[in-house]
Amino acid sequence: MKLSCHCGSVEAEINSTVNELAKIVRCNCSICKRKNATMGMVKNEDFKLTKGEDKIKLYQYHTKVAKHYFCTECGIYTHHNPRSAPAMTGFNLGCVDEVKAEDIKEIAQFDGLNHPMDQEK
């Protein structure tokens, strides 16, 4: 699959089909709630940025472990590395033209608002 931001400055290749994705998820944490993205998940080695590395900006907050990336030209969230699964890359299914996120029936809900790594031990 090929991912691209809105303006086309950032592109990535995803070595997977929608049916092969490790997980399709929506999250309710403070950032995901605001971006309202449906995200596919693949192993880091199955996600390769092919264009626009100089156009990608990293955003981190709270524990500064998760890495959220967006295009500096159009502002679109393209992908992230979650703190709960750093060996995985989550990506915005809305950035993959051949995917219609609204047609996906099984979307896991991740309760990032009550993230297990934020709970007192």
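Tutor: Buried means under 20% relative accessible area, exposed means over 50%, and partly exposed is in between (1.4 Å probe, protein chains only). What you see above is a predicted model, where local features need pLDDT of at least 70, side-chain atom pairs count only at pLDDT 80 or more, and totals for chains, interfaces and linings use all residues. Residues are numbered from 1 along each chain as its sequence is written, and side-chain values use heavy atoms, with hydrogens and water left out.

Student: OK, let's try that on strand E9: which residues lie on each of its two faces?

Tutor: Strands here are DSSP runs of E with at least two residues, numbered from the N terminus. E9 covers residues 88-92, and 5 of its 5 residues are buried. Both faces are covered. On one side sit Met88, Gly90 and Asn92, and on the other Thr89 and Phe91.

Student: Now the sheet: in what order do the 7 strands of the open sheet come?

Tutor: Two strands pair if DSSP finds at least two bridges between them. The pairing in this open sheet is mixed. Following the 7 strands across, you read E6-E7-E8-E9-E4-E3-E10.

Student: Which strands of it stand at the edges?

Tutor: Look for strands with a single partner strand. One side of each of these is left without a neighbour in the sheet, because no second strand pairs there. The two that fit are E6 and E10, the latter made of residues 108-110.

Student: Starting from E6, which residue stands opposite Ile56?

Tutor: E6 spans residues 56-59 and E7 spans 67-71. They run antiparallel and are joined by 4 bridges. Across from Ile56, in E7, you'll find Cys71.

Student: Which residue in the turn between E7 and E8 has a positive phi?

Tutor: E8 is residues 77-81, and E7 pairs with E8 in the antiparallel sense over 4 bridges. Within that pairing, His68 stands opposite His80 in E8. The two strands form a hairpin with 5 residues between them. In the turn, a phi of about 85° belongs to Gly75.

Student: And how many residues lie between E8 and E9 in their hairpin?

Tutor: E8 and E9 also pair in the antiparallel sense, over 2 bridges. His79 stands opposite Phe91 in E9. The number of residues between the two strands of this hairpin is 6.

Student: On to E4: what is the bridge partner of Met41 in E9?

Tutor: E4 and E9 run antiparallel, joined by 5 bridges. Gly90 is one of the buried residues we met in E9. Met41's bridge partner there is Gly90.

Student: Which residue in E4 does Val25 stand opposite?

Tutor: E3 and E4 run antiparallel, with 3 bridges joining them. Val25's opposite number in E4 is Met39.

Student: There's another open sheet: what order do its 3 strands have?

Tutor: The pairing in this one is antiparallel. E1 (2-4) and E5 (47-51) stand at the edges with a single partner strand each, so one side of each is left without a neighbour in the sheet. 3 bridges join E1 to E2, which is residues 11-14, and Lys2 stands opposite Glu13 in E2. Across the sheet, the order is E1-E2-E5.

Student: At 18% relative accessibility, does Glu11 count as buried or exposed?

Tutor: Glu11 has its place in strand E2. Leaving out residues up to four places away in sequence, Glu11 touches Lys2, Leu3, Ser4, Lys48, Leu49, Thr50 and Lys51, where contact means heavy atoms within 4.5 Å. With a relative accessibility of 18%, Glu11 counts as buried.

Student: Which residues have the most contacts inside the largest nonpolar core?

Tutor: A nonpolar core is a set of buried Ala, Val, Leu, Ile, Met, Phe, Trp, Tyr and Cys residues joined through side-chain atoms within 4.5 Å. The largest one has 15 residues. Ile14, for one, touches Met1, Leu3, Val42, Asp46, Phe47, Phe91 and Val96, again not counting residues up to four places away in sequence. The residues with the most contacts inside this core are Leu3, Ile14 and Phe91.

Student: How many residues does the other core have?

Tutor: This core lies apart from the largest one. Among its members are Val25, Ala37, Met41 and Tyr77. Its number of residues is 10.
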